[in-house]
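Biologist: Please take a close look at one part of this model with me. I would like the strand pairing spelled out, and then what lies around it.

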Amino acid sequence: MKVLNKKQARDLDEQAQKLGIPGVLLMAYAAEALYERVSAAAQKCGTRIAVVCGSGNNGGDGYALVRLLVQRQAFSLCVVKAGGDAKSNEAKVFEQLVSRLDISIVNESDVNFNSFDVIVDCLFGIGLDRDISGHYAQVIQKMNASGAYVIACDIASGINADDGHIMGCAVKARETVSFACGKMGLYTNEGIEHSGKITIADLTIPDCLSASYDGLSLLFKRDLRRFLPKRHIHSHKGSYGKLLMIGGRHGMSGALLLAAQAALRCGVGTCTLMSDELTLKAAAAIVPEAMQLRMPQLHDPAFSKLLAQYDVIAIGNGLGRDDEAAWLVEQVWQSECPALFDGDALYVLGQPKTHSDRRSPYILTPHPKELSYLLSMEVRKILKSPSETLKRSERAFSGGVLVLKNTSTMITDGQHRYLYPGGNDGLAKGGSGDVLSGMISGFWAQSTALSAAVCGVILHAYCGDLLTLQMSAYALLPGDLIKAIPDVLRNVINEKRVR
C-alpha cells in the first residue's frame, strides 16, 4: 500500500477514471468502506448518526454513505449539509438520491451535535488549500466537543494532506477511512493524533496504478516476517556475521550496552565492543556474550586494519563529541567496511568538515535534531515538510540507507521508500534509539542494509506496542524493549525454523 502526497493522490483518482472506472463508482466504493466502519461504531456506541457533508467530493462520499445507511439498517439518521449544494457531477448524483429519501436534512447551524452517538466527517477532503475559519470552524469545534465517536472520510477535515499540520482548526477523529492510498498527512505531525485508527480501502483500483508513483510503501507488523533474515539448521556463529560496536565513552556506557544486548537478541553471530576500560568492565557483567576491545590511541595506524576484520561496524552510541570521537568516526567513514552511524557519530558527520562520498554501504539513523546537523537545516523546517525532507536527505546521502526517525519513521535507500507508523510514547525515553541502533546492526550482519533497517524499525515499535499492553507507557524502559524481543520474534515466526 502506497502513501502519497495530495497531488499524487488526486492524480491516481484521475488515472483510475481514465482506465474506465467511473467517478460515481469510486464514490460508491468509498461509501461501502465507510459503511463498514460506521456500522461497527454504531454497534458499540449507539445508532444515532450524523453525516456532515461538504460541497466537494468528500461530501459526495457522505451522501453515498447515507444512501447505504438508509437501505441496510434502522439508524436514527441526520444529514448535516454544510457549504451549500454539491459541486461535482458525481457528488450531485448522490445528493439528489438522498434528497428523495425520508430522512432529516439540516443546515449546520440547526443541529445539536451533542445528540449523536456517531458523527461522520465528510466536510473537507484532501483538496483543502486554505485555513478553515468562520462557520466551518464552528462546525468542527462543535463536532470535537460533542463527545460522539467521530469517523473521518479520507482525512480529518482541516488536516493538511501533505504535511499533517492543522489548517486553522481540524476535526479530531477516533478513526479515519482513507481511499486508494495512504496520505502523508495521516502519518505526520498533528495528523497522527487527529486521524485515530486508519483504514485504507483500495476502491478496486489496480495496484499497478499506485505502484507507478514514487511515494512510500506503508509497512505493517506482518511485514517483519517477510524481511527477517533466514536462519538454517546447518549454520554456525560465522553464518550470522561479525559486528563491532564502538561507543560507551565518558560515562555513557549504557548507550553501548543497550545497543549490544539488542544486537545479540536479534541474532548476530558475534558482537565485539570497543570502549573505555570502565565500560568494558561493566559489559563483562551485563553482556558476557560480547567480546571486548579497548579504544585505540589517537591516530593509531593499526585501527583501519582492525576494522577490516568485521562484517558490520556500528559507531556512535555514547561515543562523545571530542577530537577522539571525530577521529574514530572519520576512520570508520573512510573504511571499506559496512557501517551504521548513530547518535554522536551523526553529530560529528554534520560538522562543517567536509566528508567525501562513502563508497561502502552505510546506514544513518537520525531523529529530527540529528538530521538538522546533517542537513544544516532547522528542526522546524524538517518537521514542516516530511516529503521534501526525505528528498533532500536522499540527495545529501545518496548510496546509503536512511532511517529518518519520528512518530512515523521513513526508511529509504534512494529507490525503495517505506513508512512505518507504529510505536507509542513509551519509546520517547533516552536509550530507546540505542536499542533501535542495536537491532538494525544485529540484523544487518545477517542480511542487507535495507532489510535490516526495516526489521529494526518494525521490531522496535512492535516491542513497544506489546509492552504497553502489560504496563503504562510512563514506566516503559528501553531495557524492557530488549526483554520483549524474544516474545515478539516468536510471535512473528510462529516457532518455525527455516530448514
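Modeller: Two strands count as paired here if DSSP finds at least two bridges between them. The model is predicted. Start with the open sheet of 12 strands. Its order is β8-β1-β10-β19-β18-β17-β16-β15-β14-β11-β12-β13, and the pairing is mixed. Strands β8 (182-183) and β13 (291-294) are the edges. Each has a single partner strand, so one side of each has no neighbour in the sheet.

Take the β13 edge. Strand β12 (residues 270-275) and β13 run parallel, joined by 4 bridges. Within that pair, L273 faces Q292 of β13.

Now move to strand β18 (residues 409-412). In the sheet order, β18 sits between β19 and β17. On the β17 side, the partner strand covers residues 401-404, and the pairing is antiparallel over 3 bridges. L404 stands opposite M410 of β18. A hairpin of 4 residues links β17 to β18. On the β19 side, the strand covers residues 417-420. It is also antiparallel to β18, with 4 bridges. There, T409 has Y420 of β19 as its bridge partner. This hairpin has 4 residues between its strands too, and G414 in the turn shows a positive phi of about 95°.

What covers the faces of β18? In a regular strand the side chains alternate between the two faces of the sheet. T409 and I411 lie on one side, M410 and T412 on the other, and all are buried. Both faces of β18 are therefore covered.

Further along the order comes β15, which lies between β16 and β14. This strand spans residues 339-341 and holds L340. Buried means under 20% relative accessible area. L340 has 0% relative accessibility, so it counts as buried. Its C-alpha atom is separated by 6.3 Å from that of I315, 25 residues apart along the chain. Beyond its neighbours within four places in sequence, L340 is in contact with I313, A314, I315, I363, T365, S437, I440, S441 and W444.

Outside the order listed for that sheet is strand β2 (residues 48-53). Of its 6 residues, 5 are buried, so β2 is mostly covered. Strand β3 (residues 76-81) pairs with β2 in the parallel sense, over 6 bridges. In β3, K81 stands opposite C53. Helix α3 (residues 57-72) joins β2 and β3 in a right-handed β-α-β unit. Strand β5 (residues 118-122) is another parallel partner of β2, through 5 bridges. C53 has C122 as its bridge partner in β5.

Last, one helix pair. Two packed helices are described by the angle between their axes and the distance between the axes. The axes of α18 (residues 449-467) and α19 (residues 478-493) come within 9 Å and cross at roughly 100°. That makes the two helices roughly perpendicular. On α18, the contact is made by L459, H460, Y462, C463, G464, L466 and L467. On α19, the residues are D480, L481, A484, I485, D487, V488, L489, N491 and V492. By class, this contact has 11 nonpolar, 3 polar and 2 charged residues.

Notes: Residues are numbered from 1 along each chain as its sequence is written. This is a predicted model: local features need pLDDT of at least 70, side-chain atom pairs count only at pLDDT 80 or more; totals for chains, interfaces and linings use all residues. Side-chain values use heavy atoms; hydrogens and water are left out. Axes are lines fitted to C-alpha atoms, for helices over the stretch in contact, and angles run from 0 to 180 degrees between N-to-C directions. Angles under 35 degrees count as roughly parallel, over 145 as roughly antiparallel, 65 to 115 as roughly perpendicular and the rest as oblique. Contact means heavy atoms within 4.5 Å. Ala, Val, Leu, Ile, Met, Phe, Trp, Tyr, Cys and Pro count as nonpolar, Asp, Glu, Lys and Arg as charged, and the others, Gly among them, as polar. Buried means under 20% relative accessible area, exposed over 50%, partly exposed in between (1.4 Å probe, protein chains only). A crossover is right-handed if, with the strands pointing away from the viewer, the path from the first strand over the helix to the second runs clockwise.
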